[in-house]
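Biologist: I would like a close look at a single part of this model, the open sheet and the elements around it, taken strand by strand. Please start from one of the hairpins and work outwards.

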Amino acid sequence: MKNLLLSIAMLTLFFACNKKHTVKLPESTPNQTKIVSWYKDISRVSNVCPDSLVFYAENIERVAKKESSEYRAMAEIVKGVYYQSNSSHELSRRAFEKAISLITDPKKDTICAKAYIGMGNYFKNTGDYPNGLSYLLKALKIYERTNDKNGISSARGGMAQIYLQKNDLESAKENLKIALNVLGNDTGNQFYLISAHTLANVYGMSGDFKRALEIDKKGIAISEQIKSQRNKAMFLDNKANCFMYSNQLDSAEYYFNECLKIDYAVGEKKQIADSYANLGNLAIFQKRYLKAEEYLLKSIALCKELNQKPNLITAYEMLVNLYKVERKFEKALATEFEKEKIYQEVISAKKEAALAEYKVVHETQKKEQLLAESKLLLLQNEEKTRRKNYMLAAFLLLSIFTALIGYFLYRQQKVKVIQQQKEFELKSAIAQIEKQNELQEQRLRISRDLHDNIGAQLTFIISSVDNIKYAFEIQNEKLSSKLQTISNFAKSTIIELRDTIWAMNSDKISLEDLKARTLNFIEKAKAAKEEIDFSFTIDDQLLNLYLNSVFGMNLYRVLQEAINNAIKYANAKEIKIDISMLEDKVAVMIKDDGEGFDVEKVEKGNGLINMEKRIESIGGILSIYSTLNHGTTVLILLTKMPFQND
């Protein structure tokens, strides 16, 4: 529904910094007073004028630089809210983590609670829901202990958003109801109105239009009472959507038009564009196709003017569907190309933003590393000075306590050596873990890029080819066959891409995982040739072994190639795969009852050569045994070196 994402964004920013609990310090300096004032004002600014957040973020850091830790923590929270507002998620995480580290006084834990809210939102935005819920629960405990109603409501609301993203509507409802009950009769509170609107959206999404409309009615009345046109439009929009999806189209049209009137009165072009998009969607429902096209073109024009590319993509998608319904396939195809062009611009913008964010994080880390090295050098100089003092004291008392001082220095030096050795081992272990984490994050980023970019482009190719075949009556059989070949090749490439992403996203691949993936591939092969019987067995003593992703992927590709050869060339009716222990090696056997071939006379093609190279790359040996009319056996022998115990 129209304003659900807007409400969630507003709620996130409100949750990050509410006005209930602030740090009260005696005899505040002018700078401290300014910091607290900006810190308290950040929730209002994030809702009314989010573009001003950059001013607060830059100035509060400068003012708080020489202040005590709690003021610097407040500055970090303001920065975190700003970074979250422009989707710089890693920078926001660093800011909130630093805020938490600066608060060592348990009496200041309400500042920590706000940072916990920020961390919960970070993990929610990056899809790590368990960690998101964990941080929000930490904040909730603090707010419940201090009886902070706004804080309790904010934590519950954040948890509801996570459950909503997980499509767990019942848990989302439960948390939103608690958030509203905590606020009680304070219905004019912005927390209350946003939570109420979100709950109405949840009921609408679950098909309970009656309850959704009851909440909308109450929300409209409250908005009129406090003279808030923005909030009124929010509830009117949800009301119109409820009527549209319950097939009360005339009522839906009336309330969408009421939203449009308010949008024009307030002068928010983005909301006007959204209202035209909603009216266009409704007109499609009403089969008023000319009116639908008029509304959608108005929405597209405004989105272009405002450079609102995500909303522009949505409007283009509606227009494509409209043209398809009207069987205006050329217009549909042209509009689809326009939508894809905007989509690619959005993808490029996201890549550039991610690169810029990475550079900022990298530069920050370099500065912190230089600072840490400077501190270490200072500590080393201090240590040298202390040692000189110890030497002077020892020299003055040498005549009396020679034996005692010698023993003491020996013991002290031995303890220091042991301590330094332990510190070095700990730092080495931490560095190795951080390197592994960075590599895993890089793999995940690459797999996401493969899925989001190449996968989307292949899907677009398939869709475009199918649209061409559907839109034009192609008489040329060669051209039709060529288009079908392109479509089939793109679909096959998507399957290969998914297998690659699966391997990249796996730290380790067990033989059970390999079996499941192979059986999935076999099921697809059965669809083409149902008369073939397959079997796949694994020795029980190998079930606790696993391979890393590179070795596992190589073995999987060899299994694929062997099965393909048996199906395509051998006309096999039975294929058996068996993985077992053979002395000190792991034996993988792929056997079929097909036509077979003369191993000595047949020249190896790229497929067989690639199979051998893949097995050699993981330290194994591949052998092929075959005779005419007696089937083929592929035997792979692997040392246990690539395997590890689970």
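In the hairpin of E6 and E7, which residue takes a positive phi, and how many residues stand between the strands?

Modeller: This is a predicted model, in which local features need pLDDT of at least 70 and side-chain atom pairs count only at pLDDT 80 or more, while totals for chains, interfaces and linings use all residues. Residues are numbered from 1 along each chain as its sequence is written, and side-chain values use heavy atoms, with hydrogens and water left out.

The residue you ask about is Asn-629, whose phi is positive, near 65°, in a hairpin with five residues between E6 and E7. The names of the elements refer to DSSP runs numbered from the N terminus, helices being H or I runs of at least four residues and strands E runs of at least two. On either side of that turn, strand E6 (620-626) and strand E7 (residues 632-639) pair in the antiparallel sense over seven bridges, pairing being taken to mean that DSSP finds at least two bridges between two strands. Two of the partners can be named on the model: Ser-626 of E6 has Thr-632 as its bridge partner in E7, and Ile-621 stands opposite Leu-637 of E7.

The side chains of E6 alternate between two faces, as is general for a regular strand, where they point in turn to the two faces of the sheet. Gly-620, Leu-622, Ile-624 and Ser-626 point to one face and are buried, which means that each has under 20% relative accessible area, whereas over 50% would be exposed and values in between partly exposed (1.4 Å probe, protein chains only). Ile-621, Ser-623 and Tyr-625 point to the other face and are not buried.

Seen as a whole, the sheet is open and has five strands in the order E2-E4-E5-E7-E6, with mixed pairing. Its edges are formed by strand E2 (533-538) and strand E6, each of which pairs on one side only. From one strand to the next, the twist averages 10°.

At the E2 edge, E2 and E4 run parallel and are joined by six bridges, and here Phe-536 has Ile-577 of E4 as its bridge partner. Ile-577 is also matched on the E5 side, where its bridge partner is Ile-590. E4 and E5 themselves pair in the antiparallel sense, over eight bridges, and they too are connected by a hairpin, this one with two residues between the strands and with Glu-583 at a positive phi near 60°.

Two helices belong to this picture. Helix H21 (residues 549-568) packs on the sheet and touches E2, strand E4 (574-582), strand E5 (585-592), E6 and E7, a contact being heavy atoms within 4.5 Å. The direction of H21 makes about 145° with that of E4; such angles run from 0 to 180 degrees between N-to-C directions, on axes that are lines fitted to C-alpha atoms, for helices over the stretch in contact. Helix H22 (residues 606-617) lies across E6 and E7, and runs at about 145° to E6.

For a view away from the sheet, the charged side chains offer a second set of landmarks. Side chains of opposite charge can pair when their charged atoms come close. The structure holds 22 salt bridges, each being a side-chain nitrogen of Lys or Arg within 4 Å of a carboxyl oxygen of Asp or Glu. One of them joins the side chains of Glu-76 and Lys-79 at 3.4 Å, N to O. Because these two residues are three apart in helix H4 (residues 69-85), about one helical turn separates Glu-76 from Lys-79. Both ends of this pair are buried, Glu-76 at 8% relative accessibility and Lys-79 with a relative accessible area of 11%. Together with Lys-98, Glu-76 and Lys-79 are linked in a network of salt bridges.

Another salt bridge, at 2.9 Å from N to O, brings together the side chains of Glu-97 and Arg-93. Glu-97 and Arg-93 lie in helix H5 (residues 89-102), four residues or about one turn apart, and Glu-97 counts as partly exposed, at 34% relative accessibility. A further salt bridge joins Asp-208 and Arg-211 at 3.6 Å, N to O, with Asp-208 partly exposed at a relative accessible area of 25% and Arg-211 partly exposed at 41% relative accessibility.
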